[in-house]
Amino acid sequence: IGPAGTVTPLHFDFHENVLCQLIGTKLVLLCEGGIGEGEREALYPCEGVANASRVDAENPDLGAFPLFEGVVRRVCVLSAGQALFIPKGVWHYARSLSPSASVSFWFNNQ
């Protein structure tokens with residue numbers, strides 16, 4: 001639950017995730033890659049927090065993070081009543097476009 005402009009920085013989850021938008025709209029950027037050897041470095045993981053990135057996925061500083069230029073970002077806008085499946089390990093970023101409420105359901109697919 002939050003106001004427009006609330007940001008969840010670029011990160012990945014350790015479990016499968018279904019992100020459900022209850023109220024409002026949310027922009028979600030999904031990054032291709034980052035799972036394989038050599039791909040993670042283009043997402044500049046934080047030291048000590050391996051599943052979080054130092055890059056602002058929406059407005060990256062390519063001078064500071066030049067490898068991020070090669071990262072393909074897919075855009076999804078979730079509206080109230082919609083859900084998005086985000087596989088574990090997929091790097092993603094979110095920003096509320098309006099006052100909104102979302103719920104994530106994490107689970108192991110084993």
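Helices and strands here are runs assigned by DSSP, numbered from the N terminus, with at least four residues for a helix and at least two for a strand. Counted that way, this protein has nine strands and zero helices. Please keep in mind as you look around that the model is predicted. Below is a short tour, from the overall build to the largest pocket and then to four individual residues.

**Overall build**

- Reading along the sequence gives the pattern β-β-β-β-β-β-β-β-β.
- The C-alpha trace spans about 35 × 35 × 25 Å along its principal axes.
- The radius of gyration is 14 Å, which agrees with a compact globule, because a globule of 110 residues would have a value near 13 Å.
- Of the 110 residues, 38% count as buried.
- About 6,300 Å² of the protein is exposed, and carbon and sulfur atoms supply 58% of that area.
- Among contacts with a separation of 6 or more, 83% are between residues 24 or more positions apart.

**The largest pocket**

- The largest pocket holds about 160 Å³ of space.
- Its lining has 13 residues, and those closest to the centre of the pocket are Thr8, Asn17, Leu19, Lys26 and Ser104.
- Four strands, β1 (7-11), β2 (16-23), β8 (92-96) and β9 (101-107), each supply at least two lining residues.
- Strand β9 gives the largest share of the lining, with four residues.
- Sorted by class, the lining has six polar, five nonpolar and two charged residues.

**Serine 104, beside the pocket centre**

- Serine 104 sits in strand β9, and it is one of the residues closest to the centre of the largest pocket.
- With a relative accessibility of 23%, serine 104 counts as partly exposed, because that class lies between buried, under 20%, and exposed, over 50%.
- Beyond its neighbours within four places in sequence, serine 104 is in contact with Asn17, Val18 and Leu19. Of these, Asn17 and Leu19 are also among the residues closest to the pocket centre.
- The C-alpha atoms of serine 104 and alanine 64 are 31 Å from each other, with their positions 40 residues apart along the chain.

**Alanine 83, on the exposed side of the cut-off**

- Alanine 83 belongs to strand β7, which covers residues 83-86.
- Its relative accessible area is 51%, so alanine 83 is exposed, the cut-off being over 50%.
- Setting aside neighbours within four places in sequence, alanine 83 touches Val18, Leu19, Cys20 and Leu78.
- Alanine 83 and valine 55 are 28 residues apart along the chain, and their C-alpha atoms are separated by 25 Å.

**Tyrosine 44 and proline 45**

- Tyrosine 44 lies in the loop between β3 (25-31) and β4 (45-46), while proline 45 lies in strand β4.
- Most residues other than glycine have a negative phi. Tyrosine 44 is not a glycine, yet it has a positive phi of about 45°.
- Tyrosine 44 counts as buried because its relative accessibility is 12%, under the 20% cut-off.
- Proline 45 has a relative accessible area of 21% and is partly exposed.
- Leaving out neighbours within four places in sequence, the contacts of proline 45 are Arg40, Ala50, Ala52, Ser53, Arg54 and Trp91.
- The C-alpha atoms of proline 45 and proline 3 are separated by 27 Å, and the two residues are 42 residues apart along the chain.

Conventions. Residues are numbered from 1 along each chain as its sequence is written. This is a predicted model: local features need pLDDT of at least 70, side-chain atom pairs count only at pLDDT 80 or more; totals for chains, interfaces and linings use all residues. Side-chain values use heavy atoms; hydrogens and water are left out. On a 1 Å grid over the protein atoms alone, a cavity is a set of points where a 1.4 Å probe fits but cannot get out, and a pocket is an open set with protein on both sides within 12 Å along at least five of seven lines; lining residues have an atom within 4 Å of a point. Grid points are joined across faces, edges and corners, and a volume is the space filled by probe spheres set on the points. Ala, Val, Leu, Ile, Met, Phe, Trp, Tyr, Cys and Pro count as nonpolar, Asp, Glu, Lys and Arg as charged, and the others, Gly among them, as polar. The radius of gyration is taken over C-alpha atoms; the globule rule is 2.2 Å times the number of residues to the power 0.38. Buried means under 20% relative accessible area, exposed over 50%, partly exposed in between (1.4 Å probe, protein chains only). Contact means heavy atoms within 4.5 Å. Accessible areas come from the Shrake-Rupley method with a 1.4 Å probe; for residues, only the protein chains shown count as cover.
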